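This report describes selected helices, one helix pair and one loop residue. The sequence and structure come before the discussion.

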Amino acid sequence: MLNPPVILWFRRDLRLADHPALVAAVAAAKDRGAPLLPIFIWEPGLIAGPRASANRTWFLRESVTELATSLRALGSDLIELQGPAATALPRLIGELRAAGGVGDIDLFMTRDHTPFARKRDRAVAELLTPLGVQLHAKRGLVVVEPEELLTGGGTPYGVYTPYFRRWLEQVDASAPLPAPKKIPSLPTPTPASTVDQALLDAHAVPTAQIDQLPVPGERAARAHADAWRRSVSEYANRRNTLADTAGTSHLSAALHIGLLSPRELVARQLPLPPLQEGERSGERLWVSQIAWRDFYTQVLWHAPHAARSAWRPSYDAIKWSSDQRALEAWKSGTTGYPVVDAGMRQLAATGFMHNRARMITASFLTKDLLIDWREGEAHFLRHLVDGDIAANNGGWQWCAGSGTDAQPYFRIFNPVTQAGNFDPDGEYVRRWVPELAALQTPAIHAPWAHPKALDAAGIRLGEQYPEPIVDHAEARQRTLAAYSAALKPERS
Ligand SMILES: Cc1cc2nc3c(=O)[nH]c(=O)nc-3n(C[C@H](O)[C@H](O)[C@H](O)COP(=O)(O)OP(=O)(O)OC[C@H]3O[C@@H](n4cnc5c(N)ncnc54)[C@H](O)[C@@H]3O)c2cc1C
């Protein structure tokens with residue numbers, strides 16, 4: 001092998017379309033007449049660590065398999081390696097050098113911004129640069145990179161609305177980069193896969209029902225995104241209805257591992273329809289959700305401490321409850337609050353939870369049970385197919401009041417009111433808490449307050465369905481006291 005290969009390291013960019021690193025890697029290989037070596041590295045910490053999710057690993061594994069098939073159709077392949085990357089990559093470079101590859105090796109990848117990815121990429125750069133490897137990190141995971149958008153004072157944004165305004169101005173609305181028609185061939189000899197299949201087999205069996213998980217792979221994600229474009233104008237009216245399974249895009253899992261380019265999704269919606277007075281545009285609102293994704297990515301990028309502690313440090317002084325029984329009831333969807341239980345059971349069964357239900361269940365854990373948001377954050381990460389460190393952390397800290405742009409802590413969701421507003425016919429609760437299906441609204445949202453309806457339906461609380469584990473009004477007072485005690489020094 002005279003020309004060492006150009007390496008393309010796939011990470012959270014498992015697609016061929018609108019992929020700047022792929023386009024650059026193919027061009028570099030063609031320029032030099034070099035082979036191209038696409039690789040994927042399985043990180044044991046992400047597969048088997050405490051924040052891993054079998055649902056997510058299953059989705060990832062199937063998507064990696066589909067990417068390999070697509071690459072083979074273009075004359076290439078995907079070489080899967082066992083991580084950690086800091087071990088796998090130097091070993092690979094050694095192998096390529098031993099096969100006769102002299103001169104610099106170019107390695108292309110898409111930038112990733114999570115604390116884990118930053119640490120990994122720093123370590124990899126330190127190890128590979130002395131081995132003559134040039135690293136090229138391209139954009140593609142978010143629409144606007146974290147450093148590209150700062151306030152006039154040069155500080156990161158902590159408030160979403162002005163961020164979104166400026167973000168929209170920064171979107172690159174050009175046409176998507178086409179998927180390559182052909183990919184330069186693999187180096188010979190081709191490095192062998194080193195994947196620990198037994199480890200993957202053990203950690204990629206979904207805990208959710210497999211037929212409820214999103215269809216993996218770029219092809220299905222694109223088809224789904226195309227279909228969603230026909231519904232997006234309805235988004236403003238339908239996105240908050242808990243029982244409406246087609247009211248939101250369900251593209252979060254695909255976006256999480258880069259089966260789709262968020263920039264392409266946004267560019268396809270531009271220009272946004274002009275807003276008439278008082279009108280709510282589904283397209284604008286939906287694009288603004290993609291901006292939330294970028295927003296939380298940049299929050300964690302600029303304030304990595306938020307991954308483990310409160311973004312507003314004073315909130316770390318809150319004295320959380322250690323009631324394990326209450327935590328277990330929340331996790332298993334047996335709190336006695338039907339809309340909370342419905343959300344938690346949807347999560348367990350499907351690896352997904354409606355955004356409104358995420359807010360209701362997170363608020364219930366932190367404000368009604370006064371349990372540390374990190375417990376909920378970790379539980380969500382263990383189940384969500386779209387589990388994303390930045391979006392999940394941002395969502396949890398928003399609900400706990402400790403994050404950017406959070407709602408003031410004294411505004412506490414009432415789960416019964418939320419249920420009445422966003423599940424007006426009780427259809428969501430009926431679907432996920434079937435033991436209450438015979439109840440109509442309003443009884444289905446607060447069964448304890450409707451003894452006659454319970455009798456008529458033959459339901460006994462404490463037998464078929466639990467009594468509420470807390471009284472919301474009392475819990476609210478307890479939470480206000482705990483928050484106010486912790487935050488007192490901040491106000492004085
Ligand atoms: C407590 C809590 C935890 C959350 N955890 C996650 C998570 O781990 N991963 C995740 O992707 N989203 C998370 N979200 C945000 C949101 O609930 C999901 O993105 C959304 O429900 C996914 O459904 P969808 O694809 O149909 O979204 P749509 O409503 O169709 O939105 C389109 C896309 O925008 C992005 N998006 C939407 N809302 C948000 C948001 N608030 N923050 C960041 N990005 C957003 C997602 O990529 C989503 O696919 C969380 C929200 C809360 C309140």
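In this predicted model, the axes of helix H12 (residues 282-302) and helix H17 (residues 389-400) come within 8 Å of each other and cross at roughly 90°. Because angles of 65 to 115 degrees count as roughly perpendicular, H12 is described as roughly perpendicular to H17. On the H12 side the contact is made by Arg293, Tyr296, Thr297, Val299 and Leu300, and on the H17 side by Ile389, Ala390, Ala391, Asn393 and Gly394. By residue class, the contact of H12 with H17 divides into six nonpolar, three polar and one charged.

H12 also has a set of buried residues, namely Trp286, Val287, Ile290, Ala291, Asp294, Phe295, Tyr296, Thr297, Gln298, Val299 and Leu300. What covers these buried residues includes H17 together with helix H5 (115-128), helix H6 (160-170), helix H9 (235-238) and helix H11 (262-267).

Helix H1 (residues 20-32) can be set beside H12 by checking the length of each helix against a rise of 1.5 Å a residue.

| Helix | Residues | Expected span | End C-alpha distance |
|---|---|---|---|
| H1 | 13 residues | 18 Å | 18 Å |
| H12 | 21 residues | 30 Å | 30 Å |

For H1, the expected span and the distance between the end C-alpha atoms agree, and the corresponding values for H12 agree as well.

Which residues of H1 are buried? They are Ala21, Leu22, Ala25, Val26 and Ala29. Seen down the axis of H1, these buried residues fall within an arc of 130°, so they line one face of the helix. The buried residues of H1 pack against four strands, which are strand S1 (6-10), strand S2 (36-42), strand S4 (105-110) and strand S5 (133-138). Just after H1, Gly33 takes a positive phi of about 60°.

The remaining part concerns a single loop residue, Leu149, which is found between S5 and H6. Is Leu149 buried, exposed or partly exposed? Since burial requires 20 or more C-beta neighbours within 10 Å and exposure 12 or fewer, Leu149, with 18 such neighbours, counts as partly exposed. When residues up to four places away in sequence are not counted, Leu149 touches Val144, Tyr157, Tyr163, Arg166, Trp167, Gln170 and Gln298; of these, Gln298 is listed among the buried residues of H12. Leu149 and Thr110 are 39 residues apart in sequence, and their C-alpha atoms are 19 Å apart in space.

How values were computed
Residues numbered from 1 in each chain as written. Predicted model: local features only at pLDDT ≥ 70, side-chain atom pairs only at ≥ 80, totals over all residues. Helix = DSSP H or I, 4+ residues; strand = E, 2+ residues; numbered from the N terminus. Expected span 1.5 Å × (residues − 1). Arc of directions from axis to C-beta. Contact = placed C-beta atoms within 7 Å. Axes fitted to C-alpha atoms, helices over the stretch in contact; angles between N-to-C directions. Parallel < 35°, antiparallel > 145°, perpendicular 65-115°, else oblique. Nonpolar A, V, L, I, M, F, W, Y, C, P; charged D, E, K, R; others polar.
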